[in-house]
Amino acid sequence: MNDCIFCKIIKGEIPCEKVFEDDTTFAFLDRSPVNHGHTLVIHKHHHADIFDTPEHDLADLFRTAKKMSAAVMKATKCDGINIGMNNKPAAGQTVFHAHVHVIPRIAGDGFKLWPQKESTTEQRVKTAAAIKQF
Ligand code: 5GP
Ligand code: ZN
């Protein structure tokens, strides 16, 4: 994709701090990290999000995400890792080249994950039935 910033990063047309590359995937530091070492993992094939990405490319993507999780954990001496993938604008996606966030977490860093709601058994049973149809 000609106007995709992550495709440009892979091609070296936009500078980045590359931390890993293999035949199929590429990893570099997020320019606005949650914590230092926050890494983005992308496939060299342009796919917009998880829905567009074929399973074999997702396997490449998550294989590298696992590898980078271990590398970031060791390099930053963090206490944990969040793996995140935002898909579609409603979920917070701002760059439409599928990517996995590898986010180092430090005990007591105070960052909260998403808020949670109460739910009833009735609601869960109904929602589970709807999801199971697909
Ligand atoms: P999203 O919100 O789509 O899941 O995440 C996109 C991420 O890409 C953001 O965390 C943002 O900071 C990062 N980002 C956007 N543009 C650039 C860039 O040009 N270089 C780097 N290194 N990171 C970028
Ligand atoms: Zn792209």
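1. Let's start with the ligand: 16 residues surround ligand 1, and those that come nearest are Asp30, Asn86, Thr94, His99 and His101 (a residue is near a molecule if one of its heavy atoms lies within 4 Å of it). Please keep in mind that this is a predicted model, where local features need pLDDT of at least 70 and side-chain atom pairs count only at pLDDT 80 or more, while totals for chains, interfaces and linings use all residues. Residues are numbered from 1 along each chain as its sequence is written, ligands are numbered from 1 in the order in which they are written, and side-chain values use heavy atoms, without hydrogens and water.

2. Now look at the backbone. Oxygen atoms of ligand 1 lie 3.0 Å from a polar backbone atom of Gly92 and 3.0 Å from one of Val95, and a nitrogen atom of the ligand is 3.3 Å from a polar backbone atom of Arg31.

3. Which element gives the largest share of the shell around ligand 1? That is H1, with three residues. Helix H1 (5-11), strand E2 (25-29) and strand E5 (99-105) each supply at least two; helices (at least four residues) and strands (at least two) are DSSP runs, numbered from the N terminus.

4. The lining of the largest pocket is worth a look too. Its 32 residues include Asp30, His38, Leu40, His99 and His101, which lie nearest the pocket centre. Here a pocket is an open set of points on a 1 Å grid over the protein atoms alone, where a 1.4 Å probe fits, with protein on both sides within 12 Å along at least five of seven lines; lining residues have an atom within 4 Å of a point. E5 supplies the largest share of this lining, four residues.

Terms used. Polar contact = N/O pair within 3.5 Å; in protein donor to acceptor, adjacent residues only side chain to side chain.
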